[in-house]
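I opened my notebook and kept a short entry for each thing I looked up.

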Amino acid sequence: LDQQATGRSLFTMGGTSAGALLGTPGYMCPRYLMNPTQYGDSSEVFSFGIVLLETLVGKVTSDFESSIYDYYIEDEEEDLTPESFDRRPGGCPAELAKPLIQLVKDCTLRAYKRRPKMRDVLGRLRRLELTHCALTVEEIQARLTGATAQAQALADVRREEQQKAERAREQAAAARAAAEAAAMRECCSCYDEVNMAAGVECSA
C-alpha cells in the first residue's frame, strides 16, 4: 500500500499480472476485492455509484474510517436521504433526490448481476436531467427577453458613444475654423485676407 498525498491508499503492483489488485480502496467492488479475477463491467458501475454518492453527500470515501459505501449502504450507520445531501450547491428537490438515491443503491448492489449496465445508468441520468434540469418554455422566453433587452441596451450605449464621438469631431472642426478665422487679417495695402498665424506676407 502506497500512501499518496491525497490521503488515499492505492494498491500498487509491479505490472498487471493475473490476480493483482489495482485500484483505490473505497471505490473497489467488494467482489473484486475478494477475487481480483472477477473484475468486470459491474465493477466499474460500482465505482461510479461511489463517485455519485460522494457527489450527493459532499464527502469523499477517505473521510470515513472504513468507506463511504459501508457508512451509507452496507452498515447503514446513517440513512441516505435527501437530508444527507450536501447543502452547499443549494437544495435538491425530493422528486430528484429520491431517484438519485435509488441509482446509487442500484449501482452498489452486492448482487453484482443485478447492477444496471453503464448505458442504463447514463440513460437514467439523462432522463433526470431532461425532467428536472431542462429549461421550461417560460424560462426560455424569460432568457430570450433578457437577452433581447441586454442587446438593445448595448446597442443604445454604442449609439450614444458614436453620437459623442461625432459631436467631439464637430466641436474640434468648429474650434479649428474659429482659430483660422481669428488669425485672418485684412492687408492694409492690398486688402486681401491673409493668415497671420501662417506668417503670410502681403504680395503687393
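**Entry 1: helix α4**

I began with α4, which has 14 residues. From its first C-alpha to its last I read 20 Å, close to the 20 Å expected at 1.5 Å a residue. I noted that this is a predicted model.

Next I asked which residues of α4 are buried. I found Leu96, Ala97, Leu100, Ile101, Leu103, Val104, Asp106 and Cys107. I reminded myself of a rule: an α-helix has 3.6 residues a turn, so residues three or four places apart point the same way.

What covers these buried residues of α4? I listed α2, α3 (68–74) and α5 (118–133) among the elements that do.

**Entry 2: helix α2**

I turned to α2, which spans residues 41–57. I counted 17 residues in α2 and a reach of 25 Å between its end C-alphas, close to the 24 Å expected at 1.5 Å a residue.

I wrote down the buried residues of α2: Ser42, Ser43, Val45, Phe46, Gly49, Ile50, Leu52, Leu53, Glu54, Leu56 and Val57. They pack against α1 (30–34), α3, α4 and α5.

I also checked what follows α2. I found Gly58 there, with a positive phi, near 75 degrees.

**Entry 3: the largest pocket**

I looked up the largest pocket and noted about 210 Å³ of space in it. Which residues line the largest pocket? I copied out Thr55, Leu56, Phe85, Asp86, Arg87, Pro89, Gly90, Gly91, Cys92, Leu96 and Leu100.

I sorted this lining by type and got 6 nonpolar, 3 polar and 2 charged residues. Both α2 and α4 supply at least two residues of the lining. Three of the lining residues were already in my entries: Leu56 is buried in α2, while Leu96 and Leu100 are buried in α4.

**Entry 4: aromatic pairs**

I searched the whole structure for aromatic pairs, and 2 turned up. Phe46 and Tyr69 form an edge-to-face pair, 5.1 Å centre to centre with 65 degrees between the planes. Phe46 lies in helix α2 and Tyr69 in helix α3, so this pair ties together parts that are 23 residues apart in sequence. I marked both Phe46 and Tyr69 as buried.

I then took Tyr71 and Tyr72. Their ring centres are 4.9 Å apart and their planes are at 80 degrees, so I put this pair down as edge-to-face. Is Tyr71 buried or partly exposed? Tyr71 has 21% relative accessibility, so I counted it as partly exposed. Tyr72 has a relative accessible area of 3%, so I wrote it down as buried. The cut-off I needed here is 20%: under it, a residue is buried.

**Entry 5: a loop residue**

I picked Leu135 and asked where it lies. I found Leu135 in the loop between α5 and α6 (137–183). Leu135 counts as partly exposed because its relative accessibility is 38%. Leaving out residues up to four places away in sequence, I saw Leu135 touch Ile140 and Arg143.

**Entry 6: the chain as a whole**

Last, I stepped back to the protein chain. I recorded 6 helices and 4 strands. Along the sequence I read the pattern β-β-α-α-α-α-α-α-β-β. The chain has 204 residues, and 24% of them count as buried.

I ended with contacts. Among those with a separation of 6 or more, 36% come from residues 24 or more positions apart.

Technical notes. Residues numbered from 1 in each chain as written. Predicted model: local features only at pLDDT ≥ 70, side-chain atom pairs only at ≥ 80, totals over all residues. Heavy atoms only, no water. 1 Å grid on protein atoms, 1.4 Å probe; cavity = no way out; pocket = protein on both sides within 12 Å on 5 of 7 lines; lining within 4 Å. Points joined across faces, edges and corners; volume = space filled by probe spheres on them. Nonpolar A, V, L, I, M, F, W, Y, C, P; charged D, E, K, R; others polar. Expected span 1.5 Å × (residues − 1). Buried < 20%, exposed > 50% of the residue type's maximum accessible area, 1.4 Å probe, protein only. Contact = heavy atoms within 4.5 Å. Phe/Tyr/Trp six-rings, centres within 6.5 Å; stacked < 30°, edge-to-face > 60°.
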